Amino acid sequence: MDTKSVPPWVSHMTALLNQARETDKQLHVFGAQTHKYTLQPPATETAVLEFEKKHGIRLPEEYRDFLLYMGNGGAGPYYGIYGLPALDAEAEDDFYSYQADPVVFPDMSAEDWDLAADPDEKLEDTYPDPFTGILPIGSQGCAYMTGMILHGPLRGRILYYNMDRCQPPFFVRETGFLAWYERWLREVTAGYNIFWFGMNRDGSPGQLMEQYRQAKDQQEKEEILNGYYKFRELPKEQQDWLRQSCGQETDMDIRMHMMKIMAHFHMEDLRQQLETLWELKAWPQALSVIRYKGIREIQEAFLERIWEQFHALQGDAFQDACYIFRTRKDSPQVSAKRLNEAFLRSDLDQTSRRSLLACLEELSDREAVLDHFIVYLAAETDTRLLIEAIHSMHGIRDKRLTAAYIRLLETYRVCENVQEDYRNSQKKTPPGSWPPDVSPEGRLILAAMKYFRLFGMDKPQAWKLLMDEQRWKAWKQDVLKQPAT
């Protein structure tokens, strides 16, 4: 390689890489133990050309130059940057289709993403795979990947995506590979907390403060505030600015974000700010802050006020309250009895009902809610929630609960799915074992079966009893006649 042709940015980037390696000698930064801040020798022009010819593409220029002048893979965000061998291996997965135009773009709506990602909603060969036209340049762990757009007006843009297709991709703010890579080196050298590198805004504490002052809308303000979580310490100037801005802010959601930053950096006047937020009746925002970081003293101080509003809370606020009660389950102010009315509410969504059950499961006086719980059990139609409800009362033996479970079993044991589950179970060895592809209704039966252990029956015995009409009828009547225990 002709050294005169080396771009001027290479020496600058190499110096930054050396600084990052020196800063993180213990390899504490996420992924550093894999790449160890080392790069493979640069690729040759011949090797790059052969790769491009093989796949019918030309690599985006900045990434191409990185491979040619910095290194053929190695040190980089998360588990590092792929070189040509890894790119070649990834190309074996057909869904990437290096030559095809990409279908993803920044800020995809949920509807656009569902159309691109869900094969059940698409006509084969009409809609391409959502990862077509993307060059995978690194792994972030599990199913998360770093990629680069290969074609069109977004060519060269870096994006993060999940191979499980559970969410739309995230496009980093930098428009080119080198700016993104340089930012990673700067943030490592600065000692930032960059586990989710690239998700937050670039900038120092002072720079983010100035960006916030120039911000025009709520979304931009929230993005800027989220950038503060990458810092390990917050300078006094920014702490003073945060206090003043929080006290003057009229948007309760923005105020909530500011207060979470105050909690993150353990700022002493958080309690005072929370008191003001509660007085403004911004209970959802206040609860979100109280839940955040789990600061015991603050949670204890607000417990009684949370109970006073509990009957009216919905959505995230209700779920946050349930979580706070769970974490403070040993407090004398928290008891299952105080959850009673919540089990009679018809305005709680599925997630809120799940939070309520999870809270109940953690409390020691669950018997106190039995009457209301049984009313809820009779009204619930979601099999997944019914299973969680049964789990929430594990270990409780009461005739009222026995009767309620018998009513559930009476309803679901005759379901065709359950009948099929039973037939499948008899094909296993030993007979009565549970089929691996059990239906939701079958899982509900299985959860309720655990209660049969109180009557001296194991699962196969209970399973056969349920499927025998005459034995079930006689057993049920006998159990219901027994005196309460």
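Where is the place of leucine 154? The legends below, which concern a predicted model, take up this residue and four further close-up views.

**View A. Leucine 154 in the loop between S2 and strand S3 (158-162).** Leucine 154 has its place in this loop. Apart from its neighbours within four places in sequence, leucine 154 makes contact with Val104, Phe105, Pro106, Ile149 and Phe171. Its C-alpha atom is separated by 9.7 Å from that of glycine 176, a residue 22 residues away along the chain.

**View B. The hairpin of S1 and S2.** Strand S1 comprises residues 134-141, and strand S2 comprises residues 144-149. The two strands run antiparallel and are joined by six bridges. Glycine 141 stands opposite tyrosine 144 in S2. Two residues lie between the strands, and cysteine 142 takes a positive phi near 55 degrees in this hairpin. Eight of the eight residues of S1 are buried, so this strand is largely enclosed by the rest of the structure.

**View C. The surroundings of lysine 230 in the loop between helix H9 (218-226) and helix H10 (236-248).** Lysine 230 is buried, because its relative accessible area of 2% falls under 20%. Its side chain and that of glutamate 187 are joined by a polar contact of 3.1 Å. In addition, a polar atom of the lysine 230 side chain lies 2.6 Å from the backbone oxygen of arginine 201. With neighbours within four places in sequence left aside, the residues in contact with lysine 230 include Arg183, Tyr192, Asn193, Asn200, Asp202 and Gly203.

**View D. A salt bridge within helix H14 (residues 296-309), between arginine 296 and glutamate 300.** The closest N and O atoms of this pair are 3.7 Å apart. Both residues lie in H14, four residues apart, which is about one turn of the helix. Arginine 296 is partly exposed at 46% relative accessibility, and glutamate 300 is likewise partly exposed, with a relative accessible area of 22%.

**View E. Further salt bridges, with aspartate 347 and aspartate 382.** Aspartate 347 forms a salt bridge with arginine 345, in which the closest N and O atoms are 2.9 Å apart. Aspartate 347 counts as partly exposed at 40% relative accessibility, whereas arginine 345 counts as buried at 17%. Aspartate 382 is buried, with a relative accessible area of 15%, and forms a salt bridge with arginine 384 in which the closest N and O atoms are 3.6 Å apart. Elsewhere, salt bridges that share partners join Glu174, Arg183, Arg186, Glu187, Asp202 and Lys230 into one network. The count of salt bridges comes to 36.

Key
Residues numbered from 1 in each chain as written. Predicted model: local features only at pLDDT ≥ 70, side-chain atom pairs only at ≥ 80, totals over all residues. Heavy atoms only, no water. Buried < 20%, exposed > 50% of the residue type's maximum accessible area, 1.4 Å probe, protein only. Pairing = 2+ DSSP bridges. Polar contact = N/O pair within 3.5 Å; in protein donor to acceptor, adjacent residues only side chain to side chain. Contact = heavy atoms within 4.5 Å. Salt bridge = Lys/Arg side-chain N within 4 Å of Asp/Glu carboxyl O.
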